[in-house]
Amino acid sequence: MIDTHSHINFQDYKENFEKFLSEIKQNEVEKIIIPGVEPLSFNEIISLCNKYEMIYGALGVHPSEFKTYNQEVEETIYKLIKESKIVAIGEIGLDYHYGFDSKEEQKDILRKQLKIAEETKLPIIIHDREAHEDVFEILQEYKLSNVIFHCFSGNSAFAERCIEKGYYIGIGGVVTFKNAKELKESTKIIPLDRILLETDAPYLAPVPFRGKINSPIYLKYIAQEIANIKEISIEEVKQQTTINAKRIFNF
């Protein structure tokens, strides 16, 4: 399996990091993508990519960190994505849950980063929280390679619109929550060849670890829930989502 979105560069995992990676491998996770959140994390992501074979990176400024974006940061992203193990731009997008008053500023920073993705032909990891229509509309302004809706939170109708555009859907631990009825319904109709596994660690740990620090070790619980929803084997989920990730990120 491939964990396509995991913040294992956070402080939660610093102790015994090599042992932590070994346990991840023992739980059938062969690769991990660490997404960028803000500029101060970029060099650490590059360092981890260079040091560990199983780690890959993405670079971008999260919408909640839009104030950290400037021309110098943009130039840094262009420079660093030449690193062979930077496989995407992200996570970028819009977040209106806490940032409703900054909608226009967020849109401006999103457009600037989508331009980078368009020019470099790298996939995009989208953060979309309570901003479905605006994100979808802005994406149409660019010629983009592959778009991944990380931690998908839309309904079935929105999922169908994304699928029609050829976008991919990242599904994480939320799908295992009993009250995640809308996501379970969406998962059922999303073709398996459009699904990516992700943990979003250290957040959103799946059942039975809900409320605890998340980890790529728990990726199999997400795969199992997808298998249950689709009434297929977990092996089929593991195999196809791995194929999907390798195709998109060109490992």
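Me: Which residues have the most contacts inside the largest nonpolar core?
Reply: In this predicted model, the largest nonpolar core is made up of 76 residues. Helix α9, which spans residues 219-230, gives the most to this core, contributing six residues. Apart from this core there is a second, separate one of 13 residues, with Val-87, Ala-88, Ile-125 and Tyr-168 among them. Within the largest core, the residues with the most contacts are Ile-55 and Phe-149.

Me: With which residues is Ile-55 in contact, leaving aside its neighbours within four places in sequence?
Reply: Ile-55 is one of the residues with the most contacts inside the largest nonpolar core. Once the neighbours within four places in sequence are left aside, the partners of Ile-55 are Ile-8, Phe-17, Leu-21, Ile-32, Ile-34, Leu-48, Cys-49 and Lys-85.

Me: What radius of gyration does the chain have, and why does the value agree with a compact globule?
Reply: The C-alpha atoms fill a box of roughly 45 × 45 × 30 Å along the principal axes, and the chain holds 10 helices and eight strands. Because a compact globule of 251 residues would have a radius of gyration near 18 Å, the value for the chain agrees with that expectation, at 17 Å.

Me: What percentage of the contacts between residues at least 6 apart in sequence join residues at least 24 apart?
Reply: Buried residues account for 57% of the 251 residues in the chain. When contacts are restricted to pairs at least 6 apart in sequence, the share that joins residues at least 24 apart is 71%.

Me: How many positive and negative side chains does the chain have, and how far apart do the centres of the two sets lie?
Reply: The accessible surface of the chain comes to about 11,600 Å², and carbon and sulfur atoms hold 47% of that area. As for charge, there are 31 positive and 40 negative side chains, and the distance between the centres of the two sets is 3 Å.

Me: Is Tyr-98 buried or exposed?
Reply: Tyr-98 belongs to helix α4, which covers residues 96-99. The C-alpha atom of Tyr-98 is separated by 28 Å from that of Ile-190, a residue 92 places away along the chain. Since the relative accessible area of Tyr-98 is 71%, and the cut-off for this class is over 50%, Tyr-98 counts as exposed.

Me: Where is the cis peptide bond with omega near 5°?
Reply: One residue of this bond, Glu-91, is found in strand β4, which runs over residues 86-95. The cis bond with omega near 5° leads from Gly-90 to Glu-91.

Me: Which peptide bond is cis with omega near 10°?
Reply: This bond involves Pro-202, which is found in the loop between β8 (195-197) and α9. With omega near 10°, the cis bond is the one from Ala-201 to Pro-202.

Me: Is Asp-200 buried or exposed?
Reply: Asp-200 lies in the loop between β8 and α9, and it has a positive phi of about 60° although it is not a glycine. Because its relative accessible area is 9%, and the cut-off is under 20%, Asp-200 is buried.

Me: What phi does Leu-204 have?
Reply: Leu-204 also lies in the loop between β8 and α9. At 33% relative accessibility, Leu-204 counts as partly exposed. Although Leu-204 is not a glycine, its phi is positive, at about 55°.

Technical notes: Residues are numbered from 1 along each chain as its sequence is written. This is a predicted model: local features need pLDDT of at least 70, side-chain atom pairs count only at pLDDT 80 or more; totals for chains, interfaces and linings use all residues. Side-chain values use heavy atoms; hydrogens and water are left out. Helices (H or I, at least four residues) and strands (E, at least two) are DSSP runs, numbered from the N terminus. The radius of gyration is taken over C-alpha atoms; the globule rule is 2.2 Å times the number of residues to the power 0.38. Buried means under 20% relative accessible area, exposed over 50%, partly exposed in between (1.4 Å probe, protein chains only). Contact means heavy atoms within 4.5 Å. Accessible areas come from the Shrake-Rupley method with a 1.4 Å probe; for residues, only the protein chains shown count as cover. Lys and Arg count as positive and Asp and Glu as negative; His and the chain ends are not counted. The place of a charge is taken as NZ of Lys, CZ of Arg, CG of Asp or CD of Glu. A nonpolar core is a set of buried Ala, Val, Leu, Ile, Met, Phe, Trp, Tyr and Cys residues joined through side-chain atoms within 4.5 Å.
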